[in-house]
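Colleague: I am new to this structure and would be grateful for a close look at one packing arrangement in it. Please begin there and then place that part within the rest of the chain.

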Amino acid sequence: MRHLLSASDLDRDAAVAILDTAAQMAATQSREIKKLPTLRGRTVVNLFFEDSTRTRISFEAAAKRLSADVINFAAKGSSVSKGESLKDTALTLQAMGADAVVVRHHASGAPHRLAHAGWVDAAVVNAGDGTHQHPTQALLDAFTLRRHLVRTADEPEGVGRDLTGTHVAIVGDVLHSRVARSNVALLTTLGARVTLVAPPTLVPVGVEAWPCAVSYHLDEVIADQQPDAIMMLRVQRERMGGSGEQAAGSARHGATGFFPSPLEYTRTFGLDARRLRMLPEHAIVLHPGPMNRGLEISADAADSDRAVIVEQVANGVAVRMAVLYLLLAGERETWG
Ligand code: CP
């Protein structure tokens, strides 16, 4: 069975192959060949137990542009709210003949369980599980970085290339971020250097084992290291205040909560016009969305010509077309 569960399951060649396929998909879209017949007769189920705008809509658009039939399932309004289990929901989808199940779940590990418990024959794609992984977000971020930072006159899409030589700063609420975890894995697999920048209270325990640097000083990283790209993370206030993951800084710095005050956070870790001016001229600004404007990113930074945030959303459709195509019609044996 073939699945995409974690960015860590992709080696360099697999990741480059997905990005190259996504470049081909993007080319078809820009030529206004909106619909390819590739997945005609296949069924893709979008199984969302947690809210989503970008991921859900772009998987739906991607599947439809490949001519697949799409079933959208949201936990709200379904029998999940009557207590139906993931297993029984999966068995129902299996009975409906799903070829791929795109799953977002609040529990880390739920897509892995769905893929390996034997409840469905379908390919499982992780669309974000808890604080664990969001592999297609990392792929669309890598795709966007490659297009801006690795393109050459001969190959404006960067086809065949990885991200060797680029430096990406990922800034903010790393503790709760599946986007950060996925990007650290994928971007470093692709040869990029990654620096995480966060308050100590929002850095997870065990980060020392991750293949990246960690800093608590955004101004220093921008001024001294001049990153090629800065990826601002959403402050996930909905995941704070519970008994969730432990922050490295809570013990190390004696902090009592997850969060500096919003004002302090913005002052110390927010991207604003002043910090934007400190970045190198070629540097780009990414954000996975949804944004907390005025908290982790100011309106002028979000709307600046450095920001590629809307382009990330568009690139997400091409990347998800590539993933569905390679899983359902391609030659790959496994991604996890
Ligand atoms: N980036 C992202 O996962 O956004 P959604 O929650 O809107 O899908």
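Modeller: Helix H6, residues 178-189, lies across strands E5, E6 and E8, and its direction makes about 160 degrees with that of E6. The model is a predicted one. Two of the strands that H6 touches, E5 (residues 167-171) and E6 (residues 193-197), run parallel and are joined by five bridges. At one of these places, Val171 has Val197 in E6 as its bridge partner. As a general point, the strands of a sheet pair through backbone hydrogen bonds, in either a parallel or an antiparallel sense.

The strands under H6 belong to a wider arrangement. The sheet is open and has five strands in the order E7-E6-E5-E8-E9, with parallel pairing. Which strands stand at its edges? They are E7 (213-215) and E9; each has a single partner strand, so one side of each is left without a neighbour in the sheet. On average, neighbouring strands here are turned by 20 degrees against each other, with direction ignored.

Two loops attached to this sheet deserve a separate look. Gln226 lies in the loop between helix H7 (218-225) and strand E8 (229-232). Its phi is positive, about 45 degrees, although Gln226 is not a glycine. Most residues other than glycine have a negative phi, and most peptide bonds are trans. Gln226 has 14 other C-beta atoms within 10 Å and therefore counts as partly exposed. The second loop, between strand E9 (284-286) and helix H11 (299-302), contains Pro290. A cis peptide bond, with omega of about -10 degrees, joins Gly289 to Pro290.

With this sheet in view, the chain as a whole can be considered. It is divided into domain 1, made of 7-133 + 313-328, and domain 2, made of 136-309. The C-alpha centres of the two domains lie 25 Å apart. Where they meet, 26 residues of domain 1 are in contact with 25 residues of domain 2. On the domain 1 side of this contact, helix H1 (12-30), strand E4 (123-129) and helix H12 (309-328) each supply at least two residues. The largest share of that side, eight residues, comes from H1. Sorted by class, the side of domain 1 that touches domain 2 has eleven nonpolar, nine polar and six charged residues.

E4 leads to another sheet. This open sheet has four strands in the order E2-E1-E3-E4, with parallel pairing. E2 (69-74) and E4 are its edge strands, each with a single partner strand, so that one side of each is left without a neighbour in the sheet. Neighbouring strands of this sheet are turned on average by 15 degrees against each other, again ignoring direction. The partner of E4 in the sheet is E3 (residues 100-105), and the two pair in the parallel sense over five bridges. Val102 stands opposite Val125 in E4.

Helices pack on this sheet as well. Helix H2 (residues 54-65) touches E1 (43-48), E2, E3 and E4, and its direction makes about 175 degrees with that of E1. H12, already met at the contact with domain 2, lies across E1, E3 and E4 and runs at about 150 degrees to E4. In the loop between H2 and E2 is Ser67. Like Gln226, which has a positive phi, Ser67 has a positive phi, about 70 degrees, although it is not a glycine. Ser67 is classed as partly exposed because 14 other C-beta atoms lie within 10 Å.

One further residue connects distant parts of the sequence. Thr131 is placed in the loop between E4 and helix H5 (135-149). Is Thr131 buried or exposed? It counts as buried because it has 22 C-beta neighbours inside 10 Å, and 20 or more suffice for that class. Thr131 and Ser177 are 46 residues apart in sequence, yet their C-alpha atoms are 5.4 Å apart in space.

Finally, a database record covers part of the chain. In an unreviewed entry, UniProt lists residues 2-146 as "domain: Aspartate/ornithine carbamoyltransferase carbamoyl-P binding". Over residues 2-146 the model is 41% helix and 17% strand, and the end C-alpha atoms are 26 Å apart.

Key. Residues numbered from 1 in each chain as written. Predicted model: local features only at pLDDT ≥ 70, side-chain atom pairs only at ≥ 80, totals over all residues. Domains from an automatic or database assignment. Contact = placed C-beta atoms within 7 Å. Nonpolar A, V, L, I, M, F, W, Y, C, P; charged D, E, K, R; others polar. Pairing = 2+ DSSP bridges. Axes fitted to C-alpha atoms, helices over the stretch in contact; angles between N-to-C directions. UniProt positions renumbered as here; feature names shortened; annotations may be inferred. Buried ≥ 20, exposed ≤ 12 C-beta atoms within 10 Å, placed from the backbone.
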